[in-house]
Amino acid sequence: MSTLTPSAARTTPAKTSSLPGIGRRGKSRMDPSRNNTAAGLAAWLLALLFAAPVLWMILTSFHSETDAATNPPSIAANLTLDAYKAFFGETSGVSPWPPLINSATASILSTVLVLVLAIPAAYALSIRPVKKWTDVMFFFLSTKMMPVVAAILPLYLFARTVGALDNIWFLILMYTSMNLPIAVWMMRSFLAEVPVEMLEAAQIDGANLILTLRKVVAPVAMPGIAATALICFIFSWNELLLARVLTGVVAGTAPVFLTGFVSGQGLFLAKVCAAAVVISLPVLFAGFAAQDKLVQGLSLGAVK
Amino acid sequence: MTTATARVSRPGHNAAKPSRNARSKERALAWARRAPLLPALVFLIIVTQLPFVVTLIISFLNWNSLSPNKTGFAGFENYITVLTDADLRQAIFTTILLTVSVVLASLVIGLGLALLLDKKFVGRGLARTLLIAPFLVVPVAAALIWKHALLNPTYGLINGVLTWMWSLFGSDTPPQLDLLSQAPMMAVIVSLVWQWTPFMMLILLAGLQSRPMDTVEAAQMDGATPWAIFRHLTLPHLRQYLELGGLLGAIYIVQNFDAVFTLTAGGLGTTNLPYAIYQTFYFANEYGLASAAGVVVVIGTIIVATFALRTVFSLFKKEAAR
């Protein structure tokens with residue numbers, strides 16, 4: 001152990017680089033298969049443990065209410081769609097569609113607005129950077145670090161004064177401001193991946209700005225833009241505090257609708273699970289689709 | 001030589017003219033560069049900075065919307081109340097406890113998971129996908145599932161599994177937990193650790209996979225033990241990622257509202273500052289007091305965020321240097 005001083009660690013790479021064959025052999029030695037079996041087993045056990053609540057939620061949503069509320073759990077109980085029928089209002093008369101549509105509207109439109117504002121901003125911060133562009137980047141980041149509770153009262157008072165309370169458009173603007181900093185950070189790192197030589201070549205060939213954007217920048221940046229959009233969608237879909245304070249009966253979103261299940265729904269466990277599954281589905285799809293870029297988005301583009 | 005004579009032969013005002021032109025041209029160019037940035041910048045300043053300034057102003061006012069006659073300047077009265085009122089002080093303490101414990105626990109578990117997932121094994125992609133799932137359930141939905149399907153004392157999964165395991169050994173008196181009423185803070189912490197561990201794992205996994213392997217291989221050839229490699233190579237490399245994960249996690253968890261609202265509704269000492277502020281202005285209509293508490297949260301967050309910014313900045317500089 002004492003041999004592994006920092007200086008030793010620093011000098012040894014030179015040794016491997018002078019003998020190119022050894023590096024590869026060393027790698028295979030580093031991953032002995034028996035170690036991996038143990039690690040794989042442990043990883044799988046933990047993965048199942050972490051996923052258990054999600055899997056249990058899905059399974060319970062397909063149980064009848066009586067089968068759902070048993071101790072010990074009835075894993076092999078008959079599957080039924082009763083809970084989903086109950087959730088979609090066929091038995092209770094309360095439709096989940098308005099909140100689901102509100103959530104979709106708020107999430108999709110705010111994401112579009114974010115892209116419209118963030119793409120030009122990211123362009124001005126990466127491809128033709130303005131002076132002091134790092135300062136601007138950190139200003140964007142600092143707005144994300146301010147807790148929502150610190151601004152929510154003036155927003156609420158403003159909305160109440162101008163009659164924008166329980167209005168989906170006001171919520172859309174709020175979600176746009178919530179996601180804009182993250183989107184600018186992510187998008188900047190994606191646009192920075194466009195090779196400078198390609199931009200210069202396009203300029204020499206006399207391509208104008210629009211053509212350059214379409215033919216050079218867009219193909220490289222498109223996957224990143226798509227991932228950014230998915231992440232903004234997830235954040236808007238998940239948001240509760242702003243929606244709870246700023247909306248009500250008309251513009252209430254799906255998470256606000258879910259809070260109706262917080263108390264007194266213990267007797268309807270399968271229905272609660274069905275509601276949770278339906279409302280989480282868009283996020284699960286978007287999240288798995290954006291898996292690889294998710295870290296980059298959540299760590300504000302600092303980690304690739 | 002020729003340029004020098006040309007410059008000398010020209011009268012002064014003639015020389016100034018092109019340079020002024022060039023300057024205005026340069027200025028126009030700078031504005032053309034700034035133009036795409038401005039809509040986003042202006043929008044953010046109006047929607048996030050302006051309301052906070054208003055919060056700051058309200059925090060110095062006596063303002064309860066139910067008694068409009070008593071509105072007036074309050075000085076630091078609201079701040080004194082926030083720091084001395086037993087409930088609000090408890091909320092500050094709860095916020096710190098919640099944030100620190102959730103961040104530390106999810107970082108440690110996330111690190112373990114990231115180290116496991118960094119190795120190659122059968123079905124690694126699927127295991128990773130399963131592990132991300134907790135992070136992708138809508139937070140309110142996740143909290144509801146914990147409250148009703150997992151922690152419910154009579155038919156929740158956790159007590160159900162305990163009953164089933166004890167019955168395997170022929171016992172019909174299994175231990176039964178009631179976390180929600182006996183240790184509600186623990187219930188909130190456990191559900192948040194479950195939800196945030198995948199986030200830490202993803203960041204640390206990205207860190208592990210950016211680790212330069214030649215150093216590790218060299219250390220192995222020198223006979224270093226796996227522990228030595230972890231302690232002296234992996235951990236130092238991961239430091240920035242641990243810091244980043246911890247600080248971003250802290251910034252999100254300080255603001256947590258969904259779990260506290262859903263699981264316990266702030267009962268039994270689980271009220272954190274965001275929930276307390278929500279109650280103070282939404283139900284008690286104490287606008288001045290709520291604003292002062294909001295400013296306190298911002299001051300706390302600025303302290304954490306300063307460290308976060310420094311960490312992001314160092315990673316960022318590394319990237320810019322590439």
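A polar contact here is a pair of N or O atoms within 3.5 Å; within protein, one of them must be able to donate a hydrogen and the other to accept it, and residues adjacent in sequence count only if both atoms are side-chain atoms. Keep that in mind for the first view, and remember that everything shown comes from a predicted model.

**View 1. Chain B meets chain A over about 9900 Å² of buried area.** Of that area, 78% lies on carbon and sulfur atoms. Chain B brings 111 residues to the contact, and chain A brings 110. On chain B, the side touching chain A breaks down into 80 nonpolar, 20 polar and eleven charged residues. How many residue pairs are in polar contact between the two chains? The count is eight, with both partners at pLDDT 80 or more. As for salt bridges, the rule turns up zero across this interface.

**View 2. The largest cavity has a volume of about 1000 Å³.** Lining this cavity are 46 residues, and those closest to its centre are Met178(A), Phe235(A) and Glu239(A), plus Tyr252(B) and Gln255(B) from the other chain. Which element gives the most to the lining? That would be helix α9 of chain A (residues 168–191), which puts in six residues. Sorted by class, the lining comes to 34 nonpolar, nine polar and three charged residues. Searching the whole structure gives four cavities of 30 Å³ or more.

**View 3. Asp118(B) and Arg211(B) pair up through their side chains in a salt bridge.** The N to O distance is 3.2 Å. Where do the two partners sit along chain B? Asp118(B) belongs to the loop between α5 (86–117) and α6 (124–136), while Arg211(B) belongs to the loop between α10 (184–209) and α11 (213–221). With 93 residues separating them, the pair ties together distant parts of the chain. In general, side chains of opposite charge can pair when their charged atoms come close. Over all chains, the search finds two salt bridges.

How values were computed. Residues are numbered from 1 along each chain as its sequence is written. Chains are lettered from A and ligands numbered from 1 in the order in which they are written. This is a predicted model: local features need pLDDT of at least 70, side-chain atom pairs count only at pLDDT 80 or more; totals for chains, interfaces and linings use all residues. Side-chain values use heavy atoms; hydrogens and water are left out. On a 1 Å grid over the protein atoms alone, a cavity is a set of points where a 1.4 Å probe fits but cannot get out, and a pocket is an open set with protein on both sides within 12 Å along at least five of seven lines; lining residues have an atom within 4 Å of a point. Grid points are joined across faces, edges and corners, and a volume is the space filled by probe spheres set on the points. Helices (H or I, at least four residues) and strands (E, at least two) are DSSP runs, numbered from the N terminus. Ala, Val, Leu, Ile, Met, Phe, Trp, Tyr, Cys and Pro count as nonpolar, Asp, Glu, Lys and Arg as charged, and the others, Gly among them, as polar. Contact means heavy atoms within 4.5 Å. Buried area is the accessible area (1.4 Å probe) that two parts lose on being put together, summed over both. A salt bridge is a side-chain nitrogen of Lys or Arg within 4 Å of a carboxyl oxygen of Asp or Glu.
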